[in-house]
Amino acid sequence: MIVCEELGHEYGGGPLFRDVTLRLEKGSFHFLTGPSGAGKSTFLKLCYGELLPSRGTISVMGEAMGKVSRDELAEIRQRIGVVHQDCQFLDHLTVAQNVALPLATTRRALREDDVNDLLAWVGLDRHADALPPTLSGGERQRAALARAVIGAPEILLADEPTGNLDWEMSQRLMSLMIELNRMGTAVLVATHDLQLIRFAKSQINARVLRIAQRRMQVAGAEL
Amino acid sequence: MNADEITGLVVPRRGQSVWLITLSAGAMAFLAVFSLALALGATQLAQSWGAALSQTATIRLSAPPDEMDTQTELVLEVLRTTPGIEAAQVMVPDEQAALLEAWLGPDLPLDALPLPRLIEVTETPEGPDRQGLRLRLAAEAPGAVYDDHTRWRRPLAEAAGRLRALALVSLGLIGGVTGAIIALAASVALASNRQVIGVLRLVGAQDRFIARAFVRRISLRAGLGALAGTALGMAAMAALPQAGGDVHLLAGLGFRGAGWALPLLIPPLAILLAWGAARATAFRVLRRVT
């Protein structure tokens, strides 16, 4: 689903990471760890085309990012769910409308019941008509997850999805992603929360990638 | 909740650009009503002035007092036997005095002045052979001058034509300025909603969806503004002094009958203009916004 060949990205005049060669398969579950500023968010942005690589190539679902038109990039993003660290919403739309946005923008079938079911799945059914600024950090993360998965994405990219959450809520959110993965979605979660990684690995077969010293490595068994 | 409803809501309703679009479209529609009235009025004036003076002529007969009646009869005989002349009537002294009163005042003793005699001529639609008629009159009544009003009609027609051209240029300028303002406002709206564009792109929206959402909002606002401006403009036109008395010029500058339907085209045209300007701007800006 995601194939990187000697991928590198520069930031501030120097390499952030380089020579990344890896393959994320359909239905896989990966964590991406590393210290702050190592390039976890940057790697995710390369995966959904918000940034272009400085070196090497990255292909997503067979399409080389950087060589696709804006419309083609949009079509790729329709097949990817993204949970941002800062949970970007349209603050003037309700939570339900924000969650339905990926379907509305692509003219796919939109059923209100589906939206409500999804909001119930993430525990936000009582907040369907609320505006995003009125939600807590955890609620925003869950709403972002609901929006990311409403289009039944083939890949879910999550950037520190539990950064603002307590442990109980983090477990709940991770359980939702695990459930999604069991339904066939490839999941890549950038996080530095080792406890969360251990929680997930106790339930599914997840690989852990680590960015350290400008290189991406498969993490060892200590995780 | 449906896709269309959400599409109509993705662009926030607030923002200075929204007011700029509404107000400018309203103001321009208001001005467009007056320019349209001017263009129509100029056309109507040209037609009415032309109609009033065409197919008519005046013969001015100057002769010694003792020959005046004889030469008048000769002129009338020439006219009766000339094809293309429908009627001819000698202007009576009172009518002549009324015409001159505006220029010379009521107290001047017109009887004592050697005034030429005036004969009003009505031509058939085909009209006479004017050159031949002038030659015959010169032979039969040397003091008769046939005036077909050409030298009066031409400057009036030219003035009306220029007035109409001026009004049409004004309409064109109004359209151009409106388009430019809306393009600018659309650019501002897109620039101030980068976060909205970012979210829409994140969820896989293509440029045409984003452009459509902005264009829809901008066109709607322009349409509302133009509707209000047109209504105000039409109300102002209706409040202008009506025809009659000494206000012949003003009388030609209003809308009449079916002409009142013409300003109703302004709001849909404004929407069309806003749609085109906003769409072109949106795609141009979206190409730059990564």
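Select Arg208(B) to begin: in this predicted model, Arg208(B) has a relative accessible area of 46% and is partly exposed. Next add Asp71(A), which counts as partly exposed at 28% relative accessibility. The two residues form a salt bridge, with the closest N and O atoms 3.6 Å apart. Arg208(B) belongs to helix α8 (residues 207-238) of chain B and Asp71(A) to helix α2 (residues 70-77) of chain A, so this pair joins two chains.

Now move to Asp148(B) and display Arg130(B) with it. Their side chains meet in a salt bridge, at 3.4 Å from N to O. Asp148(B) sits in the loop between β4 (144-147) and α6 (150-192) of chain B, whereas Arg130(B) lies in helix α5 (residues 130-140) of chain B; the pair therefore ties together parts that are 18 residues apart in sequence. Colour the two by accessibility: Asp148(B) is buried, with a relative accessible area of 10%, while Arg130(B) is partly exposed at 28% relative accessibility.

Keep both residues on screen and extend the selection to Glu123(B) and Arg134(B). Together with Arg130(B) and Asp148(B), these residues are linked in a network of salt bridges.

For the last stop, select Arg80(B) and Glu73(B). A salt bridge connects them, the closest N and O atoms being 4.0 Å apart. Arg80(B) is exposed, with a relative accessible area of 56%, and Glu73(B) is partly exposed, with a relative accessible area of 47%.

To continue the tour, the remaining salt bridges may be displayed across the model; the structure holds 13 over all chains.

Notes
Residues are numbered from 1 along each chain as its sequence is written. Chains are lettered from A and ligands numbered from 1 in the order in which they are written. This is a predicted model: local features need pLDDT of at least 70, side-chain atom pairs count only at pLDDT 80 or more; totals for chains, interfaces and linings use all residues. Side-chain values use heavy atoms; hydrogens and water are left out. Helices (H or I, at least four residues) and strands (E, at least two) are DSSP runs, numbered from the N terminus. Buried means under 20% relative accessible area, exposed over 50%, partly exposed in between (1.4 Å probe, protein chains only).
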